[in-house]
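Got the viewer open? Here is a short tour, one selection at a time.

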Amino acid sequence: MGRVPLEARYSWFSVAVQRFGQVSALSQFLLGAALGFGMGFWQAFLAFTLGAVILEVVSIFVGVIGCREGMSTSLVARWLGFGRGGSALMGLAIGMSLIGWFGVQSAVSAQGLASTVGVLPVWGWSIVFGLVVTAICVFGFGSMAWTAYITVPSFLVLVGWAIISELSKTDVTALMASAPPGPQIDLATGTTLVAGGFIVGAVITPDMSRYNRTGADVVKQTVVGFTVGEYLIGMSGVLLAHAVGSSDITAILTSSVGWVAVLVVLLGTVKINDWNLYSAGLAVVNFIGTVTGRTVNRALVTGLLGLAGSLLAAAGILTRFTDFLIILGVVFPPVAGIMVAEYFVVKRWRGELEASRADGGAVPASSPTWVPATLAVWAVASVSGYFLTVGLGSINSLVIAFVLYVVAGKAGLLKEFGLSRTTDASADVVDVTGADSSAPAPTAAR
């Protein structure tokens, strides 16, 4: 997997449709319900606006890098300050976040099954549902691509149906002016939740933007995809949470459209979690191979990760949903800050990328193995973003990472330890999306 040649790239609109498909997912509706339960309508609107701006800025800058270089995130990150080992570590972090999403969405399906089928408690259904999806990944019952054609439009129709059905029973104007039904969430926390809800997808935008033709295309697809997806699905969740007085997405949907909602949630979650688990397994296998030089069995790793995700669901990760998003919202922005600082300001390895691009479009023949200063910047920025009480956590961690990396570059601290050959990049790089490089595929980000 090298660079995507210009002749193999797509129009901005075709890529924007896929970006919209990522943002307009069950997780976005779940986020909207969580915000609506703790925020007034207009305050939630402002949180979505600020969060969307953070996501769009991150996506545009790293997306332009992906477009220019035609490389996936896991590959280009080797020359953006992380080195081969650091890029594998970044993939591992993304994989762990996907296991968290696996647990969250398994718990959502478990709630639906417990409320409609009964027999088992929520924690029991969490384990059963999680293990079923794990079995699909381990034993390979096909890619299940056909479910996407059913579940994605079904979900959008379901949301529209729920909105019309529920909101027709009440005064929308009064609903928009009503107080939140649950414990209050402040604007800074709400913004961090929005940013955390899709920050992994924003950071790995190069996986998708490598198929764009120009930087302007990256901007257009990002603005259109995020704006429509965030507001259409997210704010719908806010309104319905106010109408029903709950953040429980299963309760919200079933109160409007009955058991059909549970069926669509189940099908949609199976499809999403299938890719979440598959991508997490690839990331862990890639990390182990990069660090130890050993090849481990993907099916075994996937099975263990699926079990871990199922246990997370049973243990109640859904009740810690906001905490989970806050952590994502401060851990991953520094990755983008480092990548942007290296590519546009420090340029420690920029010359190698440009030289290889001019030399027939090949990837550079070698890359650093480790750059310890980069990992230190990532850690300091993440911790600072989490504990600083002034400003927004996501922006704090992003800016701190950018500044610290620039300072480290100017001070000559970006020392590389070891050198890795990348001539056979197609053999030793695993895209965290698990996608084939021949066509743009939806990124597994949650």
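Select Trp 12 to begin: its relative accessibility is 24%, so it counts as partly exposed. Keep in mind that this is a predicted model. Now add Phe 13, which comes out as exposed at 54%. The ring centres of Trp 12 and Phe 13 sit 5.9 Å apart with the planes at 90°, so this is an edge-to-face pair. The count of aromatic pairs comes to 11.

Next, pick Tyr 343 and Phe 344. Their ring centres are 5.1 Å apart and the planes meet at 80°, so the pair is edge-to-face. Tyr 343 is buried, at 1% relative accessibility, while Phe 344 is partly exposed at 27%. Bring up Arg 350 too: it lies over the face of Tyr 343, 4.0 Å from the ring centre.

For a bigger group of rings, select Phe 41, Trp 42, Phe 45 and Tyr 231, which ring pairs join into a cluster.

Then jump to Asp 207, in helix 10 (residues 206–209). Is Asp 207 buried or exposed? Its relative accessibility is 4%, so it counts as buried. Show Thr 73 as well: its backbone nitrogen is 2.8 Å from a polar atom of the Asp 207 side chain. Ser 74 is 133 residues away from Asp 207 along the chain, yet their C-alpha atoms are separated by 8.3 Å.

Last stop: Leu 120, in the loop between helix 5 (83–116) and helix 6 (122–139). Leu 120 is partly exposed, at 34% relative accessible area. Add Val 117, Val 119, Val 128 and Val 132, and together with Leu 120 you have a nonpolar surface patch of about 430 Å².

Key: Residues are numbered from 1 along each chain as its sequence is written. This is a predicted model: local features need pLDDT of at least 70, side-chain atom pairs count only at pLDDT 80 or more; totals for chains, interfaces and linings use all residues. Side-chain values use heavy atoms; hydrogens and water are left out. Patches are made of residues with over 30% relative accessible area and no salt bridge: like charges are joined within 9 Å, nonpolar side chains (Val, Leu, Ile, Met, Phe, Trp, Tyr) within 5 Å. Accessible areas come from the Shrake-Rupley method with a 1.4 Å probe; for residues, only the protein chains shown count as cover. A salt bridge is a side-chain nitrogen of Lys or Arg within 4 Å of a carboxyl oxygen of Asp or Glu. Helices (H or I, at least four residues) and strands (E, at least two) are DSSP runs, numbered from the N terminus. Buried means under 20% relative accessible area, exposed over 50%, partly exposed in between (1.4 Å probe, protein chains only). A polar contact is a pair of N or O atoms within 3.5 Å; within protein, one must be able to donate a hydrogen and the other to accept it, and residues adjacent in sequence count only if both atoms are side-chain atoms. Rings of Phe, Tyr and Trp (its six-membered ring) pair if their centres lie within 6.5 Å; planes under 30 degrees apart count as stacked, over 60 as edge-to-face and the rest as tilted. A charge sits over a ring if NZ of Lys or CZ of Arg is within 6 Å of the ring centre and within 35 degrees of the ring normal.
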